[in-house]
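Below are my notes on the model, set out as numbered points. They deal mainly with charged residues and their surroundings.

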Amino acid sequence: MAAKSFGERIADALVEDGLLTAKQVEELLELQKKEGIRLLKLLIDKSYVTDMDLAVCMGRVLNTPPVNLARIGIPADVAGLVPRDLCTNHKVLPVSRLEGKLYLAMADPLNVLAIDDVKRVSKLEVLPMIATEKAILDKVNNLEVKSASMEDIIKESEAEEAEDAELVADTQDNTSAEAMAAAGEEAPVIKLANLILVQAIKDKASDIHIEPFEKEVKLRYRVDGALMHYPPPTKAMQMPLTSRLKIMASLDISERRLPQDGRMRMKVGGRDIDLRVSFLPTVNGEKCVLRVLDKSNLTASMDKLGLDKDSYKRLKTAVDAPHGLILVTGPTGSGKTTTLYSCLNELNNPDYNIVTCEDPVEFQIPGINQVPINKGIGMTFAAALRSILRQDPDIIKIGEIRDEETCEIAVEAALTGHQVLSTMHCNDAPGAVTRMDDMGIAPFLISSSIILACAQRLMRRVCNTCKEPMTYPPKMFEDLGLDPKMFEGVPLVKGRGCDRCKNTGYAGRCAIIEIMTVSDEIRKAILKRASGMEIAKVAVSEGMKNLREVALMKCREGVSTLEQVLVLTSAH
């Protein structure tokens with residue numbers, strides 16, 4: 001009998017610990033043979049176990065101690081023993097040095113090349129410890145910014161504060177463009193702008209808010225959907241910082257009375273990051289908001305959306321359909337674009353002509369023709385769609401259906417053999433049907449064109465580092481209209497708060513998606529101009545899980561908290 005591979009030994013240990021089932025191991029082994037992917041990578045990709053559980057298990061099998069990097073500090077002299085590029089390439093991090101020995105956190109303790117490289121540069125004996133790849137890279141990235149903190153840069157600028165304050169106090173109309181350009185090119189301002197952007201990317205912020213007030217400037221990042229305060233720059237740095245960001249986004253630094261929009265691109269940790277920039281004049285200066293557009297968020301396929309088997313089957317069937325209209329609804333920032341691109345990733349191959357029209361084009365995807373909307377020159381969604389239909393498309397993605405004309409063309413395209421994917425602003429999946437009716441689309445056209453509607457929200461994940469059980473009194477479930485029995489034997493969880501999650505108890509977000517397949521019964525209801533609630537009742541009777549049910553499933557699985565369920569979803 002052939003000896004088991006390292007991955008199989010880890011899988012057996014996970015089964016012994018009750019973290020994996022024998023059936024899951026069989027599925028993984030079959031998938032490994034079919035796709036040739038490492039077993040350990042499949043374990044993480046399928047979300048069968050967490051990074052930390054896998055690291056602890058690997059440590060036991062290899063007799064290598066695990067280390068929780070989120071809870072320890074790395075001395076600067078120890079961090080400097082191994083170059084950062086080597087740490088990033090090999091996924092290693094020096095933890096401590098003792099008597100000629102270097103304790104090294106490693107994502108793969110069997111990587112002898114990494115150990116040899118670290119020995120060579122550090123001139124020390126290496127003792128491996130095991131940590132998750134994510135924890136190592138997060139720690140490496142955090143170490144990079146220690147050399148220049150916000151406080152350091154602010155102190156550096158204090159020597160010139162009097163001069164800068166004079167510049168800020170000057171009226172906006174009287175400050176010359178040359179003076180602002182010069183201020184935007186000064187070393188402290190460049191460092192400050194770079195630090196603000198890099199820190200946002202490392203903290204996985206979706207937006208950066210730089211807000212001017214009468215006597216101060218506020219800096220806030222939107223992390224996991226919540227705005228968090230960060231140490232702000234001084235008031236004296238307001239105008240130089242604004243000018244620097246305008247220079248980076250190739251905008252007009254002399255224009256301070258009208259809103260301006262632009263883009264910039266930077267490389268952080270080997271990743272290309274696009275930023276969409278918006279400047280808005282206020283009474284105290286220009287407010288700047290930067291939307292962070294990370295392309296790595298769009299590499300996921302549909303099976304990474306976290307859907308249950310039935311919902312995934314419904315979405316997959318609609319995406320594979322030869323024609324029809326697929327709508328994803330939800331508020332701004334709920335991940336609709338990411339979900340649509342996950343669907344397009346399934347379809348993106350040379351056999352299809354895929355064309356999108358977007359306002360603006362946030363992510364540029366190879367193999368897809370993307371058309372930017374520009375209302376100023378008459379390039380509206382409707383105008384773009386008319387031209388796209390003459391371009392022999394197979395699949396069309398519309399950034400958003402906002403008006404009757406765009407909706408009519410989308411329906412027409414779906415009825416003439418094209419697959420159309422779009423977003424729409426409404427509260428739930430059945431609401432997409434009534435929204436189209438409100439726009440003036442005839443019920444028989446709606447029922448013939450739409451094949452699937454989704455509603456989506458982003459739910460905050462409990463931090464795995466500080467997750468702990470949480471109990472609630474039965475009366476609370478009754479008051480909220482929930483059956484306490486649905487949580488019997490399933491402990492609810494809550495994050496206690498730690499350094500990793502910045503004491504919020506949450507780290508990251510997951511999508512909760514309500515998926516309504518348009519069946520014959522729903523088509524009959526559409527033709528009768530039934531209300532959204534009536535359509536929802538039919539959909540639920542046919543197996544649709546509404547947003548609250550999906551959110552409660554995430555709660556039962558220990559992914560999120562009951563508070564998040566109540567914040568994001570309604571009882572009906």
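**Notes on charged residues**

1. Beyond its neighbours within four places in sequence, arginine 314 is in contact with Leu452, Ile515, Thr517, Glu542, Gly543 and Met544. The model is a predicted one. Arginine 314 belongs to helix 14, which covers residues 309-320. With a relative accessible area of 15%, arginine 314 falls under the 20% limit and is therefore buried.

2. Arginine 314 also has a salt-bridge partner, aspartate 310, with 3.1 Å between the closest N and O atoms. Both residues sit in helix 14, four residues apart, or about one turn of the helix. Aspartate 310 is partly exposed, at 34% relative accessibility, whereas arginine 314 is buried.

3. A salt bridge also links arginine 402 and glutamate 400, and here too the closest N and O atoms are 3.1 Å apart. Arginine 402 is partly exposed, with a relative accessible area of 33%. Glutamate 400, at 15% relative accessibility, counts as buried.

4. Lysine 524 and glutamate 521 form a salt bridge through their side chains, at 3.4 Å from N to O. The two are separated by about one helical turn because they are three residues apart in helix 21 (residues 520-527). Both partners are partly exposed: lysine 524 has 47% relative accessibility, and glutamate 521 has a relative accessible area of 41%. Elsewhere, Glu211, Arg220 and Lys287 are joined into one network by salt bridges that share partners.

5. Which residues gather in a patch of negative charge on the surface? They are Asp403, Glu404, Glu408 and Glu412. Among them, glutamate 408 is placed in helix 17, which spans residues 404-415. Glutamate 408 counts as partly exposed because its relative accessibility is 39%, between the 20% and 50% limits.

6. For the structure as a whole, the search finds 20 salt bridges. The protein contains 24 helices and 18 strands. Of its 572 residues, 47% count as buried. The exposed area is about 27800 Å², and carbon and sulfur atoms supply 51% of it.

7. Contacts between residues at least 6 apart in sequence were also tallied: 65% of these join residues at least 24 apart. Arginine 314 of helix 14 gives a local example of contacts beyond the neighbours within four places, with Leu452 and Met544 among its partners.

How values were computed: Residues numbered from 1 in each chain as written. Predicted model: local features only at pLDDT ≥ 70, side-chain atom pairs only at ≥ 80, totals over all residues. Heavy atoms only, no water. Buried < 20%, exposed > 50% of the residue type's maximum accessible area, 1.4 Å probe, protein only. Contact = heavy atoms within 4.5 Å. Patch = residues over 30% accessible without salt bridge, like charges linked within 9 Å, V, L, I, M, F, W, Y side chains within 5 Å. Areas by Shrake-Rupley, 256 points an atom, 1.4 Å probe, with all protein chains shown as cover. Salt bridge = Lys/Arg side-chain N within 4 Å of Asp/Glu carboxyl O. Lys, Arg positive; Asp, Glu negative; His and termini not counted. Charge placed at Lys NZ, Arg CZ, Asp CG, Glu CD.
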